[in-house]
Amino acid sequence: MIYLDNAATTRMYDEVIDIEKDFEKKYFANPSALHSFGMDVENKVKEARDIIASNINCNSNEIYFTKGATESNNIIISSLSNEKNKALTTKLEHSSVIDAFENSSFKKVDLINNDKFGFVNLKDLEEKIDDDTKLVSIIYVQNEIGSIQNIKKISEIIKAKNKDILFHIDATQAFGKISCDINELGVDSMSFSSHKIHGPKGIGGLYISNKFKNRIKPVLYGGRQEVFSSGTLNAPAIYAFSKALELSKEKEDFEYIKNLNLYLRNKITDMFKGYKINSPTENSSPYILNISFEKIKSEVLLHMLESDNIFVSSGSACSKGNNSRILSALNLDKKYMDGALRFSFSHEITKKDLDFLVNKLNEYVDVIRKVY
């Protein structure tokens, strides 16, 4: 199998599967229990919290566990949502952010302009910040095309206008891959997920600066766990998540992934006509490469590749095969819109895999174009 859909989800590390399984056997008590067995589990959760806090350079009491980045994004947006507040975001956000804003009660939600590679227009950002602006939410690494926003510069612009604006980033595709140091980035809150870094599904986290903690409201009530999302902690998944993060430092070679990305770019350039690379060359995550082929249907090509045990994506896993909202936001020429595929890498992919992929792409693109 050649799995190139890692931006949707990753295969758990074998070691992490074993760690979570062993935890389920040995530490099954409720970490909220007052007895010593429960306290043993609570200490394991604390260890996990410390590992994650250390990775992003924050205090341990600023890390909260959630079901994933979707819940984390919703917590922040719903907390600041009211008829007096204005928010700023972009057209390039994950659906969990876009949908949360669409179902909010903000006085106004302004969309910041972007260029053809998805980078925020910094002048437009500055002009749209006003006295009513209380929240700015921007995706760090765009999940379909891989653009890496200049978060530090964006933060400087926001804080120069008003240091009390909460600046939130969705770091789902960045966490465990590029630096998420909150002090270097200058962010007030950040969401992330375990299953993007070879950890278990259904667990993620939210960093919230202590400065802004009193503005955040719970999304679930009924207990005291994690303050903003009640429920018995999934301690085995939390611990496995932290261990996946530690292992990612050993297993994920950024330069290796970068070389794979460049290798595929060059192979496509050498072999194909009528294509467009939608991912930027600079300031782009090497883990994601989005390419459009003219005069094809990406869904058809996706299923043809699937017959050879090659798994790719036609966009975000949350778009469900609809025309990409992200590519539309880039003003991509319509002739390329239907033919976009996203290839997302991991340490398990080899150049031999990519050679096989390109040969199959060449074969199938030609077949589809003949009947298009």
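## Asp181 and its surroundings

The side chain of Asp181 comes to 2.9 Å from the backbone nitrogen of Asn183. This description concerns a predicted model. Asp181 belongs to the loop that runs between β6 and α7 (182-185). With a relative accessible area of 14%, Asp181 counts as buried, because the cut-off for that class is under 20%.

Leaving aside residues up to four places away in sequence, Asp181 touches Ile56 and Asn57. With Asn57 there is a polar contact between the two side chains, at 3.2 Å. Another residue to locate relative to Asp181 is Lys153: the two are 28 residues apart along the chain, and their C-alpha atoms are separated by 14 Å.

## The cysteines Cys58 and Cys180

A disulfide requires two cysteine sulfur atoms within 2.5 Å. The closest cysteine sulfur to that of Cys58 belongs to Cys180 and is 11 Å away, so the separation is too great for a bond. Cys180 likewise takes part in no disulfide, its nearest cysteine sulfur being that of Cys58. The count of disulfides is 0.

Both residues can also be described by their accessibility. Cys58 is buried, at 14% relative accessibility, and Cys180 is buried as well, with a relative accessible area of 3%.

## Strand β7 and its partners

Strand β7 covers residues 189-193, and 5 of the 5 residues are buried, so the strand is largely enclosed by the rest of the structure. In a regular strand, side chains alternate between the two faces of the sheet. In β7, Ser189, Ser191 and Ser193 point one way, whereas Met190 and Phe192 point the other way.

Two pairings involve this strand. Strand β6 (residues 166-170) pairs with β7 in the parallel sense, over 3 bridges; here Asp170 has Ser191 of β7 as its bridge partner. Strand β8 (residues 204-208) pairs with β7 in the antiparallel sense, over 5 bridges. In that second pairing, Phe192 has Gly205 of β8 as its bridge partner.

## Helix α9

Helix α9 comprises 18 residues, 254-271. At 1.5 Å a residue, the helix should span 26 Å, and this agrees with the distance of 26 Å between its end C-alpha atoms. At the N-terminal end, Asp253 acts as a cap: one of its side-chain oxygens lies 3.1 Å from the backbone nitrogen of Glu255.

Which residues of α9 are buried? They are Ile257, Leu260, Asn261, Leu264, Arg265 and Ile268. When the helix is seen down its axis, these buried residues fall within an arc of 130°, so they line one face of α9. The elements that cover them include β9 (275-277), β10 (288-293), β12 (340-344) and α13 (351-371).

## Ile288 in strand β10

Ile288 is part of strand β10, one of the elements covering the buried residues of α9. Is Ile288 buried or exposed? Its relative accessible area is 1%, so Ile288 is buried.

Ile288 can also be placed relative to Lys258. The two residues are 30 residues apart along the chain, and a distance of 9.7 Å separates their C-alpha atoms.

Terms used
Residues numbered from 1 in each chain as written. Predicted model: local features only at pLDDT ≥ 70, side-chain atom pairs only at ≥ 80, totals over all residues. Heavy atoms only, no water. Buried < 20%, exposed > 50% of the residue type's maximum accessible area, 1.4 Å probe, protein only. Helix = DSSP H or I, 4+ residues; strand = E, 2+ residues; numbered from the N terminus. Pairing = 2+ DSSP bridges. Expected span 1.5 Å × (residues − 1). Arc of directions from axis to C-beta. Contact = heavy atoms within 4.5 Å. Polar contact = N/O pair within 3.5 Å; in protein donor to acceptor, adjacent residues only side chain to side chain.
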